[in-house]
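Me: I'd like to go through this structure with you and ask how each label is earned. Could you set the values against the cut-offs as we go?

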Amino acid sequence: MRFLMILGKKLFEKVNRRQMKTKYIIIFLIVLFLGGVSCQAEKAGSVFKADQLYLDKDYKGAIENYKEVEKSQGTSPDFLYNMGNAYVFNGDLGHGRLCYERGRRLAPGNKEINNNLTYVANKVNDANEASRQGNKINVSPDELSFFAGVDRAISYNRTSNFWSVYAVLSFLLLLSSIALYLFTSNVNARKVGFFGGLIFLFFSVVFVIFSFMAARAFERHDEAVLIEYKTELRSEPSDDSKTVGTPLNQGTKFRIIETEDDGKHELKWVKVRLNANFEGWIKSSEIEVI
């Protein structure tokens, strides 16, 4: 009898411990859930505050709040679009274009971003035209060659995920064609399966290549935007060297050719190119890499 009582007590303690463990797990999950909800609410609140300041035309305040949100929570195409708008309305075409350019990399097909980017690019080009002061020097960006245009259409105008979807669809159609060829006895159907398989194999490979090209372009940081109000390029990485061309205005987009540090692995000068007339050195502090 005593043995049964001891056994029953141990079983009760074991069950009780399990219940306590379950209770603690439930409490932990609730706390975790509430923490996630609180974090999301804080994020939404911060973005809402920035958006509200933007609607109230307090663009400087909106920019400061957007920058804080960007540091703590990252970005998205819509976020960069809103922040770019705030910069542009605040008269900062450099950071405005930078936001649009970065947003476009994340969402190349976003019409709002592309329209605003075109608007800012035209404004910057007009400002550079005015800075020529009668000089007939060309201030427009380099025109893309045929192959460079094709590469940009593949790599910059579509995301890697876009091409990946087409690659997967082509592969599935390839498998369907193989199945049609192997498991049907009809001659015409087998021909369709055979030649269809060759076609879809070709497109599968092509779309995979395009996807890798787009991913590589996304990781490439060979373009920059001038954020300084106005500057001139230098023939050498030195303040004492000759200037190149005419002054360029905030928001001008360059292609990065070469970089030079200060000997302590800190970037100091960057060689950039706008076109054949504007290729020279600029301080790294005057530009932001896209």
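**How the labels are earned**

Reply: Happy to, and please keep in mind that this is a predicted model. Let's begin with Phe-218, which sits in helix α8 (residues 187-219).

Me: Why is Phe-218 called partly exposed?

Reply: Its relative accessibility is 37%. Buried needs under 20% and exposed needs over 50%, so Phe-218 at 37% counts as partly exposed. The C-alpha atom of Phe-218 is separated by 8.4 Å from that of Ser-160, and the two residues are 58 apart along the chain.

Me: How do you know that the span of helix α3 agrees with what is expected?

Reply: Helix α3 (residues 77-89) has 13 residues, and at 1.5 Å a residue they should span 18 Å. The end C-alpha atoms are 18 Å apart, so the two values agree. Among the buried residues of α3 are Phe-79, Leu-80, Met-83 and Tyr-87. Just after α3, Gly-91 takes a positive phi of about 85°.

Me: What makes α4 largely enclosed by the rest of the structure?

Reply: Ten of its 14 residues are buried, so that description follows. Leu-93, Leu-98, Cys-99 and Tyr-100 are among them, and Arg-97, Glu-101 and Arg-105 are included too. Helix α4 (residues 93-106) reaches 20 Å from its first C-alpha to its last, close to the 20 Å expected.

Me: What makes the phi of Lys-57 worth a remark?

Reply: Most residues other than glycine have a negative phi. Lys-57 has a phi near 65°, a positive value in a residue other than glycine. Lys-57 is found in the loop between α1 (2-55) and α2 (59-73). With a relative accessible area of 63%, against a cut-off of over 50%, Lys-57 is therefore exposed.

Gln-133 also has a positive phi, near 55°. Gln-133 is in the loop between α5 (111-131) and α6 (146-155), and its 72% relative accessibility makes it exposed.

Me: Why is the contact of Glu-288 and Arg-102 called a salt bridge?

Reply: The N to O distance between their side chains is 3.8 Å. The cut-off is within 4 Å, so the pair qualifies. Glu-288 lies in strand β7 (residues 287-289) and Arg-102 in helix α4, 186 residues apart, so to speak of distant parts of the chain being linked is fair. Glu-288 is partly exposed at 30%, and Arg-102 is partly exposed at 28%.

Me: How do you know that Glu-223 and Lys-253 tie together separate parts of the sequence?

Reply: Their side chains meet in a salt bridge at 3.7 Å, N to O. Glu-223 lies in strand β1 (residues 223-226) and Lys-253 in strand β4, so the pair ties together parts that are 30 residues apart in sequence. Both Glu-223 and Lys-253 are buried. They also belong to a network of salt bridges with Arg-97, Glu-101, Arg-105 and Arg-152. A search of the whole structure finds eleven salt bridges.

Me: What makes the group with Glu-266 a patch of negative charge?

Reply: Asp and Glu count as negative, and the patch gathers Glu-258, Glu-260, Asp-261, Asp-262 and Glu-266 on the surface. Like charges are joined within 9 Å, and members have over 30% relative accessible area and no salt bridge. The five residues therefore form a negative patch. Glu-266 itself lies in the loop between β4 (253-261) and β5 (267-275).

Conventions
Residues are numbered from 1 along each chain as its sequence is written. This is a predicted model: local features need pLDDT of at least 70, side-chain atom pairs count only at pLDDT 80 or more; totals for chains, interfaces and linings use all residues. Side-chain values use heavy atoms; hydrogens and water are left out. Patches are made of residues with over 30% relative accessible area and no salt bridge: like charges are joined within 9 Å, nonpolar side chains (Val, Leu, Ile, Met, Phe, Trp, Tyr) within 5 Å. Accessible areas come from the Shrake-Rupley method with a 1.4 Å probe; for residues, only the protein chains shown count as cover. The place of a charge is taken as NZ of Lys, CZ of Arg, CG of Asp or CD of Glu. Helices (H or I, at least four residues) and strands (E, at least two) are DSSP runs, numbered from the N terminus. The expected span of a helix is 1.5 Å times one less than its number of residues. Buried means under 20% relative accessible area, exposed over 50%, partly exposed in between (1.4 Å probe, protein chains only).
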